[in-house]
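Student: I've got a protein chain here and I'd like to get to know it piece by piece. Can you quiz it through with me?

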Amino acid sequence: GVPAFAAETDERAEFLATSMYQRALGIMRGQRTALQPPVADMGALWNRGEALAVAERMALLVVGGEARVRAGLQAIVEATQADELIIASDAYAFEDRMRSFEILAIAAGLPRAID
């Protein structure tokens, strides 16, 4: 599976993806909780070692706007020769999650399926 998060802009996607980072951090700490709202500064929540461990855990993470996620997904396909990708895209707000999947589908060249 590929963790991915897309939004209208790279900056918005990076902000919203902090919910995914918090989930990974909680799992590493043995503190599983419901998905947390995004935060402006992950530095206030983790130390350097934890940040590096989350980054390693999410080595395939693709986050950004349509162009960045298109390039990231393509790089994964080229590197792995995968003929399909399973995407995990967690967002705190349901509408952000749905929008992420919509942008990811567009970036992957799939027809619009969400109305």
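Student: Let's start with Arg12: how accessible is this residue, and which class does that put it in?
Tutor: Keep in mind that we're looking at a predicted model. Buried would need a value under 20% and exposed a value over 50%, with partly exposed in between. Arg12 comes out at 37% relative accessibility, so it counts as partly exposed.

Student: Which residue forms a salt bridge with Arg12?
Tutor: A partner has to be an Asp or Glu whose carboxyl oxygen is within 4 Å of the Arg nitrogen. Here the closest N and O atoms are 3.7 Å apart, and the partner is Asp96. The pair links distant parts of the chain, with Arg12 in helix α1 (residues 10–16) and Asp96 in helix α5 (residues 94–107), 84 residues apart. Asp96 has a relative accessible area of 19%, and the cut-off for buried is under 20%, so the partner of Arg12 is a buried residue: Asp96.

Student: What is the distance between the closest N and O atoms of Arg29 and Glu50?
Tutor: These two also form a salt bridge. Arg29 lies in helix α2 (residues 18–29) and Glu50 in helix α3 (residues 48–57), so the bridge ties together parts that are 21 residues apart in sequence. Arg29 is partly exposed at 38%, while Glu50 is buried at 16%. Their closest N and O atoms are apart by 2.8 Å.

Student: How far apart in helix α4 are Glu66 and Arg70, counted in helical turns?
Tutor: Glu66 and Arg70 form a salt bridge, with the closest N and O atoms 2.5 Å apart. Both are partly exposed, Glu66 at 33% and Arg70 at 37%. An α-helix has 3.6 residues a turn, so residues three or four places apart point the same way. Glu66 and Arg70 are 4 residues apart, so the separation is about one helical turn.

Student: How many salt bridges does the structure hold?
Tutor: We've met Asp96 with Arg12, Arg29 with Glu50, and Glu66 with Arg70. There's also a network of salt bridges linking Glu8, Arg99 and Glu102. The number of salt bridges in the structure is 8.

Student: Moving to the sheet, in what order do the strands sit?
Tutor: The sheet is open, and the pairing of its 3 strands is parallel. The edge strands, each pairing on one side only, are β2 (62–64) and β3 (87–88). Strand β1 (residues 2–6) is joined to β2 by 3 bridges and to β3 by 2 bridges. That gives the order β2-β1-β3.

Student: Which residue in β2 stands opposite Ala6?
Tutor: Let's walk along the pairs. Ala4 stands opposite Val62 in β2, and on the β3 side Pro3 stands opposite Ala88. For Ala6, the residue opposite is Gly64.

Student: How many of the residues of β1 are buried?
Tutor: In a regular strand the side chains alternate between the two faces of the sheet. Both faces of β1 are covered: Val2, Ala4 and Ala6 on one side, Pro3 and Phe5 on the other. The buried count for β1 is 5 of 5.

Student: What span should α5 have, and what is the distance between its end C-alpha atoms?
Tutor: The expected span is 1.5 Å times one less than the number of residues. α5 has 14 residues, so it should span 20 Å. The distance between its end C-alpha atoms agrees: 20 Å.

Student: What covers the buried residues of α5?
Tutor: The buried residues are Asp96, Ser100, Glu102, Ile103, Leu104 and Ala107. Both helices and strands help to cover them. The cover includes β1, α1, α4 and β3.

Student: Which backbone oxygen does the side chain of Ser19 reach?
Tutor: Ser19 lies in helix α2, and its relative accessible area is 0%, so it is buried. Leaving aside neighbours within four places in sequence, Ser19 is in contact with Leu35, Gln36, Pro37, Pro38 and Tyr92. Its side chain reaches, at 2.6 Å, the backbone oxygen of Gln36.

Note on methods: Residues are numbered from 1 along each chain as its sequence is written. This is a predicted model: local features need pLDDT of at least 70, side-chain atom pairs count only at pLDDT 80 or more; totals for chains, interfaces and linings use all residues. Side-chain values use heavy atoms; hydrogens and water are left out. A salt bridge is a side-chain nitrogen of Lys or Arg within 4 Å of a carboxyl oxygen of Asp or Glu. Buried means under 20% relative accessible area, exposed over 50%, partly exposed in between (1.4 Å probe, protein chains only). Two strands pair if DSSP finds at least two bridges between them. Contact means heavy atoms within 4.5 Å. A polar contact is a pair of N or O atoms within 3.5 Å; within protein, one must be able to donate a hydrogen and the other to accept it, and residues adjacent in sequence count only if both atoms are side-chain atoms.
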